[in-house]
Amino acid sequence: MLIGADQSLAVQPMSRYRPKLETFFLAVALLAICAPAQVQGQKWSAQWEPVKLVNGSPVLFRVTAPKQLTALAGNFLGQDLSFRLSQSCHCWYALAGVNLATKPGRYTLRVEGTGPYEKKAAMNYQVAVAAAHYPFSTIKVAPAFVEPPKEAQAAIEAADAAKKSAFSATDANPLWSGRFIPPAEAETSGVFGSARIYNGKKKSQHTGLDFRVSTGTPVHATNSGTVILARPLYFEGNCVMLDHGQGLLTIYMHLSEFKVKEGEKVAAGQLVALSGGTGRSTAPHLHFAVRWRGEYLDPRTLLDLRPPEK
Ligand SMILES: [Zn+2]
């Protein structure tokens, strides 16, 4: 989607009709509104993927800004963004997210560039967010995973503490680059956002994407990052969490075997584990989740984004 500065008007050839005076003034006014914003002779423009944003979606912003700028920061839905300059597209890009609770509406993307001599230049873009239509599904699991027995309490608390510390461990710099690749070569089911009713009781929304794999299938890192958790958890089973920097994490659940250790750096596509059916799982599969600044986002959308390669 191309908006704001580069928005152009479809103007009919003047020779086909005689414009009235009012039409002329209206056209002048419209041109003034849509005239490209220029800073030292250069245009600003912004684009985003996916074009149609919904609640629960990751979003990749690309901003073209005056060449003199040496840094670009932004803010969207209350989150600060730091943009990276890509040599391949000559644009600035940053990843952000629209959390599940976001209401449909128009939200401002604010970008602010710093130029030489600390000069600042800023632009605002209006970004539309529509309501996602997530499905419903009913799941049967062992009763202990819907109403965990007292003796499971210690294991649940230990898992919560491990997750809490992993969730807060994110690098200040982006560790990912290029496209996010599917963690397994398999069909997917159990889409993100579907409301799940466990054993007749509504418990939660499914906040990941399931890959249909049998036990022992290789599971790969979707992008480069650091292993911030690789241990068994009560509901998630054997779980690997990767930090991709700036609050972006990916999570791999129900694994049978770990192939990495906590603290290890991983490359995109590196083998991190083998799949399985540990934890709260009806059958062996890989549950793949994407977490950004404390909110789960749709992994399918992340895999479909096309960030610049460099
Ligand atoms: Zn799942």
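**Notes on the disulfide, the zinc site and strand 18**

1. The structure holds one disulfide. Keep in mind as you read that this is a predicted model. The bond links Cys-89 and Cys-91, with the sulfur atoms 1.9 Å apart. Its S-S torsion is about -70 degrees, so the disulfide is left-handed.

2. How do the two cysteines of that pair sit with respect to the surface, buried or exposed or in between? Cys-89 is partly exposed, with 26% relative accessibility. Cys-91 is buried, at a relative accessible area of 4%. The cut-off for buried is under 20%, so Cys-89 misses it at 26%, while Cys-91 meets it at 4%. Elsewhere in the chain, Cys-239 is also worth a glance: its relative accessibility is 0%, so it counts as buried.

3. Now the overall picture. The protein has three helices and 25 strands. It runs to 310 residues, and 43% of them count as buried. Take the contacts between residues at least 6 apart in sequence: 67% of these join residues at least 24 apart. The exposed area comes to about 15,900 Å², with carbon and sulfur atoms supplying 55% of it.

4. On to the metal. Which atoms coordinate the zinc ion? They are NE2 of His-206, OD of Asp-210 and ND1 of His-287, at 2.0 to 2.2 Å. Along the chain the donors are spaced as H-x3-D-x76-H. Asp-210 belongs to strand 16 (residues 209-211) and His-287 to strand 24 (residues 286-292), so this pair ties together parts that are 77 residues apart in sequence. Both Asp-210 and His-287 are buried. If you want to check the site by eye, remember that water is not among the atoms, so a site may look incomplete.

5. Strand 18 deserves a closer look. The strand covers residues 225-233, and seven of its nine residues are buried. Strand 18 pairs with strand 19 (residues 237-243) in the antiparallel sense, over seven bridges. The two make a hairpin, with three residues between them. For a landmark in this pairing, find Ala-230, which stands opposite Val-240 of strand 19.

6. Strand 18 has another antiparallel partner to look at: two bridges join it to strand 22 (residues 265-266). Here Gly-225 has Val-266 as its bridge partner.

7. Last, Asn-223. Where does Asn-223 lie? It is in the loop between strand 17 (218-220) and strand 18 (225-233). Despite the loop position, Asn-223 has a relative accessible area of 0% and is buried. Its side chain reaches the backbone oxygen of Arg-179 at 3.3 Å. Leaving aside residues up to four places away in sequence, Asn-223 touches a run from Trp-176 through Ser-177, Gly-178 and Arg-179 to Phe-180, along with Leu-242, His-244, Val-266, Ala-267 and Ala-268. Two names in that list tie back to the strands above: Val-266 is the bridge partner of Gly-225, and Leu-242 falls within the 237-243 range of strand 19.

Methods:
Residues are numbered from 1 along each chain as its sequence is written. This is a predicted model: local features need pLDDT of at least 70, side-chain atom pairs count only at pLDDT 80 or more; totals for chains, interfaces and linings use all residues. Side-chain values use heavy atoms; hydrogens and water are left out. Donors are N, O and S atoms within 2.8 Å of the metal (3.2 Å for Na, K and Ca); water is not among the atoms, so sites may look incomplete. Helices (H or I, at least four residues) and strands (E, at least two) are DSSP runs, numbered from the N terminus. Buried means under 20% relative accessible area, exposed over 50%, partly exposed in between (1.4 Å probe, protein chains only). A polar contact is a pair of N or O atoms within 3.5 Å; within protein, one must be able to donate a hydrogen and the other to accept it, and residues adjacent in sequence count only if both atoms are side-chain atoms. Contact means heavy atoms within 4.5 Å. Two strands pair if DSSP finds at least two bridges between them. Accessible areas come from the Shrake-Rupley method with a 1.4 Å probe; for residues, only the protein chains shown count as cover. A disulfide is a pair of cysteine sulfur atoms within 2.5 Å.
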